[in-house]
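Okay, thanks for squeezing me in, everyone. Let me put the thing on the screen and then we'll walk around it together.

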Amino acid sequence: MAAKNKRKAKRTPLNVAHPTPERISGHETRREGLATRIVPTIDTLRNRNRITEAEHKALGHYADQRCLAEGSPLKDSIGRLLHISGGERDYLPAAVISAQQQVRYLDGELGQLRSIAEAIAYENITLTEWVCRQGEGRIKCETIDGAKVCKPYADSKYYEYALLELRFAARRLISAIGGH
């Protein structure tokens, strides 16, 4: 009896989709294995020494609390016990309730600076994009490798104003978090 030919099957190369130029415009990216990750705006600003470490921590805390406050209402162990014993039906974990209270407090402390803090820290848009949202920038379209790519542009004066507002917002967060 003849031996069978044991040949390994050919491996097909992985087809990795990269982010679109619009998605990464204005953002720094880093490779992690096969993935391309967008560096958060507040990390980029800190790395470029545009905000201090304390301002970065305050904005990061605000983003974390906002994310947790809007997070999935998964039940923790106490919620499961209440549900099993026939107690509360619509139960939110204590961490989510605490984060919602913290976000309401921080939003109150931020006042009118809430919009820039939320946009930059939580929504992760660039300062240039935020300036464009405020009507002080413009969108410039160009053709790159046969594809039309539109990017936001802002005058340096408006960019610096936006950075100043973000730093004021971060300082309000620092005082609110430190005193709360």
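So, to start: which residues in H3 are buried? Before I answer, keep in mind that this is a predicted model. Right, the buried set in H3 is Glu 55, His 56, Ala 58, Leu 59, Gly 60, Tyr 62, Ala 63, Gln 65, Arg 66 and Ala 69. Recall that an α-helix has 3.6 residues a turn, so residues three or four places apart point the same way. As for the helix itself, H3 covers residues 53–69, which is 17 residues. From first C-alpha to last, H3 reaches 24 Å, close to the 24 Å you'd expect at 1.5 Å a residue.

Okay, zooming out. We've got eight helices and four strands in this chain, and reading along the sequence they go α-β-β-α-α-α-α-α-α-β-β-α. The chain has 180 residues, and 29% of them count as buried. If you take the contacts with a separation of 6 or more, 56% come from residues 24 or more positions apart. On the surface side, about 12,400 Å² is exposed, with carbon and sulfur atoms supplying 51% of that.

Now for the pocket people. The largest pocket holds about 260 Å³ of space. There are 15 residues lining that pocket, and the ones closest to its centre are Gly 26, His 27, Arg 48, Thr 126 and Thr 128. Helix H2 (41–47), helix H7 (127–133) and strand E4 (147–154) are the elements giving two or more residues to the lining. Split by class, that lining is five nonpolar, seven polar and three charged residues.

Last stop, Ile 125. Where does Ile 125 sit? You'll find Ile 125 in the loop between helix H6 (114–122) and H7. Why do we call Ile 125 buried? Because its relative accessible area is 8%, and the cut-off for buried is under 20%. Skipping neighbours within four places in sequence, Ile 125 is in contact with His 27, Thr 41, Ala 119, Ile 120, Trp 130 and Arg 133. Two of those contacts, Ala 119 and Ile 120, are themselves buried in H6, alongside Ile 116, Ala 117, Glu 118 and Ala 121. And Gly 26, which we just met at the pocket, has its C-alpha 8.8 Å from that of Ile 125, though they're 99 residues apart along the chain.

One more backbone detail: just after H6, Asn 124 takes a positive phi of about 60°. That's my tour, over to you.

Technical notes
Residues numbered from 1 in each chain as written. Predicted model: local features only at pLDDT ≥ 70, side-chain atom pairs only at ≥ 80, totals over all residues. Heavy atoms only, no water. Expected span 1.5 Å × (residues − 1). Buried < 20%, exposed > 50% of the residue type's maximum accessible area, 1.4 Å probe, protein only. 1 Å grid on protein atoms, 1.4 Å probe; cavity = no way out; pocket = protein on both sides within 12 Å on 5 of 7 lines; lining within 4 Å. Points joined across faces, edges and corners; volume = space filled by probe spheres on them. Nonpolar A, V, L, I, M, F, W, Y, C, P; charged D, E, K, R; others polar. Contact = heavy atoms within 4.5 Å. Areas by Shrake-Rupley, 256 points an atom, 1.4 Å probe, with all protein chains shown as cover.
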